[in-house]
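User: Could you take a close look at one part of this predicted model for me, the hairpin, and then carry on to the spaces in the protein?

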Amino acid sequence: MNSSVLFAGYDIGTTSSKVSILDAEGHVISNAKVNHPQEFSIDGFPEQDAHNWWEDFKKLTSIVGKEISLSRIEAIGLSSMCPCVLPVSDEGIPLRKSLMYGIDQRASKEVGLLNESFSRERNRSIYTNYSSQSILPKLLWLRENQPAVFKSTSRILTANGYIGFKLTQSFTMDYFSASAGNLIDLDSLELFKEPFDRFDLATSLFPEIRWALEPIGNLTRSASLETGLREGITIFTGTGDACADAITNACIEPGSVSVSLGGTSIFIQSLEKPVWSPDLFVETGATPGSFTIGGATSCGGLLTDWIVERLFGLKGSEKEVLLRDFDVKKYRPSNLILLPFFGGARTPFNDPGAKGIFFGLSMETDRENILSALFESIAIDISMISDEIKRTALEPGQICASGGGTRSEVLLGLIATVLDRELLVCPQEYDSASGAGLIALSAFSESSLSEVIDKIKERYVIVEPWNEFREYIFERKEAFKELYNCNRDLFLKR
């Protein structure tokens with residue numbers, strides 16, 4: 001392959017969007033990030049304006065265009081938080097702000113209706129229950145609460161699907177995002193049509209579903225004029241951010257695990273075939289024949305931001321310095337227990353009514369106590385997903401972490417300790433955007449994903465469990481579960 005050829009990966013996230021530019025060897029030679037604010041509906045549910053996603057894409061392209069010649073980019077891969085639910089018109093115009101993924105729990109009644117309808121069909125081919133992560137409950141909510149929008153809807157797109165449309169004028173959805181939204185029959189790998197028939201929904205609302213390495217089309221002249229990218233370059237479908245992270249984390253062989261430490265925390269284990277689990281996500285992988293099982297927390301980096309910005313009142317450089325300086329030397333076991341359910345509890349609790357709790361505050365409580373409890377709670381919450389997977393699937397093999405949370409050596413050490421396993425850490429320049437770039441590189445060069453990530457694996461860093469804190473962290477975990485169980489009735493009364 002021509003050594004001057006470059007590949008771009010774009011990721012649309014919860015609080016920011018990113019781009020990575022990769023060379024033909026898979027090395028990141030340029031990257032950029034732009035932030036966008038959290039948005040909420042009048043009744044407090046998270047939403048995002050799809051126009052801001054497109055503006056982010058153009059800003060990111062402009063930024064990297066100052067460092068490299070955009071004409072060298074030969075192909076683009078896409079990634080995004082998933083699965084968002086964006087209703088669009090025939091012309092691809094958004095009809096409302098996008099409903100977000102599992103952190104948007106507005107359709108809890110509809111989740112219950114779907115689960116009740118299928119309650120006696122344990123062996124149904126989606127292999128899991130409906131949850132706030134599912135797409136169909138949100139469609140039912142939209143039909144009930146915003147009928148005019150629903151009636152005008154031609155297609156439902158995810159965030160990466162919307163960017164793909166803006167670049168190519170073709171409607172698509174990727175398999176991982178669709179299966180994460182409980183749309184895919186994992187036996188036939190086709191749309192699971194039974195709930196559409198039962199609830200009188202048209203399957204035509206969904207575009208063609210493609211694998212990550214399949215092309216959507218070519219960059220149009222209009223998109224070229226808007227972005228500065230070369231007309232005609234190939235746009236690949238890409239995948240959801242958790243799956244893109246799993247690629248950079250070499251989570252390809254059955255048993256291998258990817259931990260994504262972003263605004264929320266995601267734990268994914270690769271499978272040889274799907275298994276039944278009502279409380280986990282059972283999904284495809286990036287390529288035909290690959291499957292995954294996993295879950296996500298409601299908070300991770302989002303909770304870190306809330307504590308540092310709202311509780312401590314720090315932003316910008318002060319925030320960065322505080323988090324950077326909170327290292328292993330400053331960490332100490334805390335008398336606090338923090339339930340991190342500030343957006344409800346996701347996997348494996350699936351409790352939208354759960355709330356955040358600080359337990360054990362005293363006059364001696366300081367910032368370091370709170371930060372210690374924060375990172376302990378994130379690590380414990382992640383471990384609950386791992387525990388649930390062990391009950392339904394094979395034991396985890398290689399565990400690799402990536403994402404913004406890997407900047408905290410305290411968080412990494414606590415995760416390794418509570419999982420009781422060695423943790424491999426992906427180089428920090430590799431994230432969901434670079435995972436999307438690796439998709440473009442692999443597809444364009446007709447190389448396997450395993451081949452393109454081999455050189456990244458050579459640079460992984462190993463984090464060992466902290467044996468001196470092992471007993472303590474497992475005691476904290478038991479207290480964490482007890483605190484949740486003791487307050488479940490109070491959550492229901494709110």
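Analyst: Strands β2 (residues 16-22) and β3 (residues 28-35) run antiparallel to each other, and seven bridges join them. One spot to click on is S17, which sits opposite V34 of β3. Between the two strands of this hairpin come five residues, and G26 has a positive phi there, near 85°. Keep in mind that all of this is read from a predicted model.

Now for the spaces. The second largest pocket has a volume of about 370 Å³. Its lining takes in 31 residues, and if you want to find the centre, look for V111, Y130, S131, S132 and N350, which lie nearest to it. Several elements chip in with at least two lining residues each: the helices α2 (108-117), α3 (136-145) and α6 (175-180), plus strand β18 (281-284). By class, the lining of this pocket has 12 nonpolar residues, 12 polar ones and seven charged ones.

As for enclosed space, there's one cavity of 30 Å³ or more. This largest cavity holds about 40 Å³. Around it you'll find L336, I337, L338, A373, E376, S377, I380, R476 and F480. At least two of the lining residues come from each of β20 (337-339), α12 (367-392) and α16 (470-493), with α12 giving the most, four residues. Six residues of the cavity lining are nonpolar, one is polar and two are charged.

Conventions. Residues are numbered from 1 along each chain as its sequence is written. This is a predicted model: local features need pLDDT of at least 70, side-chain atom pairs count only at pLDDT 80 or more; totals for chains, interfaces and linings use all residues. Side-chain values use heavy atoms; hydrogens and water are left out. Two strands pair if DSSP finds at least two bridges between them. On a 1 Å grid over the protein atoms alone, a cavity is a set of points where a 1.4 Å probe fits but cannot get out, and a pocket is an open set with protein on both sides within 12 Å along at least five of seven lines; lining residues have an atom within 4 Å of a point. Grid points are joined across faces, edges and corners, and a volume is the space filled by probe spheres set on the points. Ala, Val, Leu, Ile, Met, Phe, Trp, Tyr, Cys and Pro count as nonpolar, Asp, Glu, Lys and Arg as charged, and the others, Gly among them, as polar.
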